[in-house]
Amino acid sequence: MAPKYAPSLRARLPPVAFLLQLAFIVIFAFCVKVDEDEKEKGEAFFYSYAKFQDIHVMVFLGFGFLATFLVRYGFSSSAFSLLVAAMAVQWATILHGFFLSHRLTWKIRIQLKNLVDAELCAASSLVAMGAVHGKTNPVQLLLFALMEVTGFVLNQWIVRTIFETGQRTNWLYSIVLLNIFGAFFGTMASCLLFHNKVHQKHEKEKSDRKMGLFAMFGTLFLWMFWPSLNSVLERNVSVICSTYLSLAVSAVTATTVSLLFSAKGKINLVQSSMLAGGVAVGAVVTSSPAPWIAMTIGFCAAFLSTLGFRFLKNHMLFAFDCHDTTSVLSAHALPGIMGWFAQLILRLTRISHSTMYDFPVNINLLIDFCDMRIY
Amino acid sequence: MAPKYAPSLRARLPPVAFLLQLAFIVIFAFCVKVDEDEKEKGEAFFYSYAKFQDIHVMVFLGFGFLATFLVRYGFSSSAFSLLVAAMAVQWATILHGFFLSHRLTWKIRIQLKNLVDAELCAASSLVAMGAVHGKTNPVQLLLFALMEVTGFVLNQWIVRTIFETGQRTNWLYSIVLLNIFGAFFGTMASCLLFHNKVHQKHEKEKSDRKMGLFAMFGTLFLWMFWPSLNSVLERNVSVICSTYLSLAVSAVTATTVSLLFSAKGKINLVQSSMLAGGVAVGAVVTSSPAPWIAMTIGFCAAFLSTLGFRFLKNHMLFAFDCHDTTSVLSAHALPGIMGWFAQLILRLTRISHSTMYDFPVNINLLIDFCDMRIY
Amino acid sequence: MAPKYAPSLRARLPPVAFLLQLAFIVIFAFCVKVDEDEKEKGEAFFYSYAKFQDIHVMVFLGFGFLATFLVRYGFSSSAFSLLVAAMAVQWATILHGFFLSHRLTWKIRIQLKNLVDAELCAASSLVAMGAVHGKTNPVQLLLFALMEVTGFVLNQWIVRTIFETGQRTNWLYSIVLLNIFGAFFGTMASCLLFHNKVHQKHEKEKSDRKMGLFAMFGTLFLWMFWPSLNSVLERNVSVICSTYLSLAVSAVTATTVSLLFSAKGKINLVQSSMLAGGVAVGAVVTSSPAPWIAMTIGFCAAFLSTLGFRFLKNHMLFAFDCHDTTSVLSAHALPGIMGWFAQLILRLTRISHSTMYDFPVNINLLIDFCDMRIY
């Protein structure tokens, strides 16, 4: 069966893409300038460049190759991802410059950190694309991604304006927001647009072990570089160690649980549940949790996410006619929300810093707590 | 059909490779010493090491995997590329040390930046190899690559001696020269050596979607790290942003144009036109162009390169009996030459720095220009 | 033929993995704390992070994908490697903290360098796994890896306690020890456990050219990042250049020799002999050898290793009934031991620093030597 969009795609994609690309170049010509900051020379610059490069690899290689396990769609998905991400990055640079620079202005000055911001928006749209893979043609994907980026930037702007949070908290929020917003946007779009059309499309969902290795590559790159993503604002030992340990536990848990619920008793590692720990712990890193707390969060997130893969996807399909090709809801939204709850609990109990071997502190807290109840 | 060179290769490659390797070790023993510069300790050293590593990954992974899309030749091409690059690097270290150090001397002191120089020469020979892939056996490839490296180093030496340019300009020239020299050398060699023998070899040109994903990996690594290549001498925000935006536009344009000219109306992303923007903008980065100029260059380069892929390759074959397996002429030479012209135009008009929102500057220039005509 | 362990694996892996994971979390809760060193802020921190990331990529991507060339086992081997490495890293963090911190203590403070230590232990267990691939189920692999890590840490502890070497030498020893210990542990385990059961398992040893490209990816990542591994303690120009040149020669030699002994006269590049130069030179880098010495070591190591691949594996199988799936003995143990001998010779002759162009020095040494014999 030839893909449905084959005959007409040639007439549609080039004009749309050329027009958009031309419009972006014109906007860049009138509004965007490189900000050559004197401070960013030599090693300080190099430091920013390495941060930028980590995110760059994650977005284009990691998120771009996540869906290559679909055997009839692997090659296309990687090509479409590249096309969409390259567009989304330009659009995000413009929007981010307009709305999220220090004040509203039509003069945008870009630096490496603005490119990182733009790539995070693109990452969000690639997460959203996971829900509609195999059901859309590239023109739809392109417009879908640009809408997602617009929504994501607006969302960040609203969060910042309403809560009047400083740059710091806002930033760190965005790391988890990226996953949650992307996943919900994608699933919602999939529900609205493909309400009754999904049942005959299952052919493109077949996966394959050889192609699975490509997806494994993408997933592995995300898995390896996730500590860089979580530490995009502030790199310190605590953030790196927490994310690292959470991801290690997450990989073990995802493998094991996927085996537990597999019909054939085989490990199914294509799924991106092994990233769940990184997503969840991203919400918590601001309060620099103790290693064991990060590991527990990783364990719960991977467990939840693997259960979601097994049951949520089919449930969504039969109950709501909502088809989510690569299960972005389980892979990105569930762990993200879990991370928020964990953050809430940590803030309420304030035990995040301590481990058991700082026992006196905990006992003191306990005494304080008892005291409070006595009076 | 077994490859033609199978029976006799065993008798030929080992002696040639061993002799060359032995000769290199002897030359290294008499002439090469590691230069342990005191300044290069700690973080400064680390800074050089990261630069070196970026180029290292590009040469061995990126250029090495570019030709893996050839289904009957994928595995061999990656093995041959490694063999050839590992040899070329040693030969380039020697030649570069003899001819391009501060003065002619037989005592070569190597540092990380010399290894980077050597790798750029090896990259040039890998570009050239693209034109003769599938038509040569490894012994021929080895000698071909060593000749290419010799030619490339001589070329750099001539450029430096004749034009008496300082180290800086010379260096930056080499980034684009690398592509242009490699592509012309490869095509020329292919024309001369395989004049009437190409028609029966088309079997090795078949490509495949699964193998295509490997080539996609190689291309993607080049695409992601190209900003590092263009900034090999001077890393600043302007170089990185220009290359990055040019590559983004280039990826969008290459995808779209390839679809426009595809017989089946399918996207063909194996081709390396998406790198054209990076090649072309490499010639311009010295004048730190505004973002929109870099994007326009990326657009034109990718357009030209994709057209080249579609028409130039067949035209060359039928008109000149010249067969260019992976179309290096379109992928590397055309964008490079376009970049030179863009550089020329930018230097003549001197508008490179300004964007439209610095309008007054342009108007002043215009007034100056009118003044000049009045007097 | 379905894999033998399929029906019962579901009942065994989850309980074992969950129990181990739970135990690790509990131990982390009581004993492990992140050490937020004030010095490790900003660029100094970034420097450590980049070192950590290089090793991270090598362990999880490089060693994890080394065995993907086994066509019926490629996907599983990458999944199992990830599971095992993620567990081994946690166990190694605990053990390393208990035994190899400044003094024996139950309070472990972790920093990035501790994670690097832990990853090196995990790398050692992945090397050992190479010998038992395809003959073990994941539960066995998991326990096997934890035992290997325990043995490796104890070994390091004994070396340090007996020889009372400082941190520095000890550390550098471990880079080569990692390969030798892992290889011998793996082969020994394979001999003891699978004495008479290997003959019917050869089916899983088939390799394939397409899958071979994945293994090529893993090998290439190891090959490219090996200079980072050898310079894990001390990064200087000499270590990087030595390892780099040794690896280049090693790649050429491995390719050529594999062709020489191949039955079909084809290059066989799946084998990891091209890494032999890196392994061997790792034992020598402390004495900062001249480039030609590093290259000679690379040549000999690759030669020895390729011969081992061709003859040692079959010999071991027929003579000792000892089956070594990915020939870890030839790939890691032989070059490592050769490196030790080279180190010994260099120390005895003390010619390591000089090249031929420092002739007077050698002549002086010669004169000294003659003098010694005269008196």
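**Notebook: surface patch, central cavity and single residues**

I began with I162(A), which I noted as exposed because its relative accessible area is 59%, the cut-off for that word being over 50%. I kept in mind throughout that this is a predicted model.

**Entry on the patch.** I placed I162(A) in helix α5 of chain A, the helix that covers residues 138-163. I then looked up which residues join I162(A) at the surface, and found a nonpolar patch of about 360 Å² that is made by L154(A), W157(A), I158(A) and I162(A).

**Entry on chain A.** I looked up the secondary structure of chain A and noted twelve helices and two strands. Reading from the N terminus on, I wrote down the order of the elements as α-β-α-α-β-α-α-α-α-α-α-α-α-α. I also noted that chain A has 375 residues, of which 65% count as buried.

**Entry on the cavities.** How many cavities of 30 Å³ or more does the count come to? I recorded 18 of them, and for the largest cavity I wrote down about 450 Å³ of space. I next asked myself which residues lie nearest the centre of the largest cavity. Its lining has 26 residues, and those nearest the centre are Q53(A), D54(A), D54(B), Q53(C) and D54(C). Turning to the elements behind this lining, I found that α2 (42-65) and α7 (209-230) of chain A, α2 (42-65) and α7 (209-230) of chain B, and α2 (42-65) and α7 (209-230) of chain C each supply at least two residues. By residue class, I noted the lining of the largest cavity as 18 nonpolar, three polar and five charged.

**Entry on S228(A).** I found S228(A) in helix α7 of chain A, and I entered S228(A) as buried because its relative accessible area is 0%, where buried means under 20%. From S228(A) I looked across to I108(A), which is 120 residues apart from it in sequence and 26 Å apart in space, C-alpha to C-alpha.

**Entry on V89(A).** Is V89(A) buried or exposed? I wrote it down as buried, since its relative accessible area is 1%, and I placed V89(A) in helix α3 of chain A, residues 74-100. Between the C-alpha atoms of V89(A) and L178(A), which are 89 residues apart along the chain, I noted a separation of 14 Å.

**Entry on L82(C).** In chain C I looked up L82(C), which has its place in helix α3, residues 74-100. With a relative accessible area of 3%, L82(C) went into my notes as buried. I then took T286(C) as its partner for a distance, and for this pair, 204 residues apart along the chain, I recorded 32 Å between the C-alpha atoms.

**Entry on R310(B).** In chain B I looked up R310(B), found in helix α10, which covers residues 291-320. I entered R310(B) as partly exposed because its relative accessibility is 35%, a value that falls in between the limits of 20% and 50%. For R310(B) and M188(B), which are 122 residues apart in sequence, I noted a distance in space of 20 Å, C-alpha to C-alpha.

Key: Residues are numbered from 1 along each chain as its sequence is written. Chains are lettered from A and ligands numbered from 1 in the order in which they are written. This is a predicted model: local features need pLDDT of at least 70, side-chain atom pairs count only at pLDDT 80 or more; totals for chains, interfaces and linings use all residues. Side-chain values use heavy atoms; hydrogens and water are left out. Patches are made of residues with over 30% relative accessible area and no salt bridge: like charges are joined within 9 Å, nonpolar side chains (Val, Leu, Ile, Met, Phe, Trp, Tyr) within 5 Å. Accessible areas come from the Shrake-Rupley method with a 1.4 Å probe; for residues, only the protein chains shown count as cover. A salt bridge is a side-chain nitrogen of Lys or Arg within 4 Å of a carboxyl oxygen of Asp or Glu. Helices (H or I, at least four residues) and strands (E, at least two) are DSSP runs, numbered from the N terminus. Buried means under 20% relative accessible area, exposed over 50%, partly exposed in between (1.4 Å probe, protein chains only). On a 1 Å grid over the protein atoms alone, a cavity is a set of points where a 1.4 Å probe fits but cannot get out, and a pocket is an open set with protein on both sides within 12 Å along at least five of seven lines; lining residues have an atom within 4 Å of a point. Grid points are joined across faces, edges and corners, and a volume is the space filled by probe spheres set on the points. Ala, Val, Leu, Ile, Met, Phe, Trp, Tyr, Cys and Pro count as nonpolar, Asp, Glu, Lys and Arg as charged, and the others, Gly among them, as polar.
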